[in-house]
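Here is a colleague's note on the structure shown below, set out as numbered points to be read with the coordinates open.

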Amino acid sequence: MNKLLWLLLLILYGIYKFYKSRRPLTKFDHFYEKAFELEEKKRYEDALDIRNQGIELHTLTNLERADLHLANGRMLLKLKQYEKATKHYDASFKLAKYEEFPYSEGFDEVIEAYLYAGRKEDALIITNDMLKRQSYDQKFKKLESLKEKLLSYEDSW
């Protein structure tokens, strides 16, 4: 009896995994998780494709679509594809321009990508835009020191 129960549970789990892998992606979490799984397997193009499918869906909010762009940018930054990373960051900031989102420690890396891509002026513009967000999240004040570094920074990247 015990073996039969285990076999039944194993079969049900197999059916669940099969269905989950075949279900259509319709929600932000679906796109985000699936792309993350692909990224973990070093299937970077597939991860980009999945996130881009989510970005095209207008049933997702602007913040969700911006977050998918941000994730693409982070992945491309890790791959040292700075120009491509900044294109996704540009799109993310454009989508979230009028949205309130919390401060993240990852903003330093975003600015770094702009510097590596030779886009110091854009890095400064984005930093200034982020500093204006202190009106609803005081943590954005942490970017003051980053702004100072950018202003004194030589174009040696």
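**Notes on side-chain pairs, helix packing and loops**

1. The side chains of Asp67 and Arg74 meet in a salt bridge, with N and O 3.9 Å apart. The model is a predicted one, and this pair deserves a careful reading, because the cut-off for a salt bridge is a side-chain nitrogen of Lys or Arg within 4 Å of a carboxyl oxygen of Asp or Glu. Asp67 counts as partly exposed because its relative accessibility is 25%, and Arg74 is likewise partly exposed, with a relative accessible area of 33%.

2. How many salt bridges does the rule give? The count comes to eight. Among them is the pair of Asp46 with Arg43, whose closest N and O atoms are 2.9 Å apart. Asp46, at 30% relative accessibility, counts as partly exposed, and Arg43, at 40%, is placed in the partly exposed class as well.

3. Arg119 and Asp122 also join their side chains in a salt bridge, with an N to O distance of 2.8 Å. Is Arg119 buried or exposed? Arg119 has 17% relative accessibility and therefore counts as buried, whereas its partner Asp122, at 28%, counts as partly exposed. As a general remark, side chains of opposite charge can pair when their charged atoms come close.

4. Salt bridges also form a network, and the residues linked in it are Glu39, Arg51 and Lys78. Glu39 of α2 and Lys78 of α4 appear again among the residues that make the contact between these two helices, which is the subject of the next point.

5. Helix α2, covering residues 28–40, packs with helix α4, covering residues 62–78, at an angle of about 10°, and their axes are 10 Å apart. The two helices are therefore roughly parallel. On the α2 side the contact is made by Phe28, Phe31, Tyr32 and Glu39, and on the α4 side by Glu64, Asp67, Leu68, Ala71, Arg74, Met75 and Lys78. Sorted by type, the residues of this contact divide into six nonpolar and five charged, with no polar ones. Asp67 and Arg74, both on the α4 side of the contact, are the partners of the salt bridge with which this note began.

6. Aromatic pairs number nine by the rule used here. In one of them, the rings of Phe28 and Tyr32 have centres 5.4 Å apart and planes at 35°, so the pair is tilted. Both residues lie in helix α2, where they are four residues apart, about one turn of the helix. Phe28 counts as buried because its relative accessibility is 14%, while Tyr32, at 27%, counts as partly exposed.

7. Which residues do ring pairs link into a cluster? They are Phe101, Tyr103, Phe107, Tyr136 and Phe140. For a reader inspecting such rings, a pair is described by the distance of the centres and the angle of the planes.

8. Asn72 has its place in helix α4, and this residue is buried, with a relative accessible area of 0%. Once residues up to four places away in sequence are set aside, Asn72 touches Ala47, Leu48, Arg51, Asn52, Ile55 and His88. Arg51 in that list is also part of the salt-bridge network with Glu39 and Lys78.

9. Glu37 is found in helix α2 and, at 37% relative accessibility, counts as partly exposed. Ala47, a residue touched by Asn72, is ten residues from Glu37 in sequence, and the two are 8.0 Å apart in space, C-alpha to C-alpha.

10. Two lysines in loops merit a look at their backbone angles. Lys42 has a phi near 65°, a positive value in a residue other than glycine, and Lys42 lies in the loop between α2 and α3, the latter being residues 44–56. Lys80 has a phi near 60°, again positive in a residue other than glycine, and its place is in the loop between α4 and α5, the latter being residues 82–95. Lys42 is exposed, with a relative accessible area of 60%, and Lys80 is exposed too, at 59%.

How values were computed:
Residues are numbered from 1 along each chain as its sequence is written. This is a predicted model: local features need pLDDT of at least 70, side-chain atom pairs count only at pLDDT 80 or more; totals for chains, interfaces and linings use all residues. Side-chain values use heavy atoms; hydrogens and water are left out. Buried means under 20% relative accessible area, exposed over 50%, partly exposed in between (1.4 Å probe, protein chains only). Axes are lines fitted to C-alpha atoms, for helices over the stretch in contact, and angles run from 0 to 180 degrees between N-to-C directions. Angles under 35 degrees count as roughly parallel, over 145 as roughly antiparallel, 65 to 115 as roughly perpendicular and the rest as oblique. Contact means heavy atoms within 4.5 Å. Ala, Val, Leu, Ile, Met, Phe, Trp, Tyr, Cys and Pro count as nonpolar, Asp, Glu, Lys and Arg as charged, and the others, Gly among them, as polar. Rings of Phe, Tyr and Trp (its six-membered ring) pair if their centres lie within 6.5 Å; planes under 30 degrees apart count as stacked, over 60 as edge-to-face and the rest as tilted.
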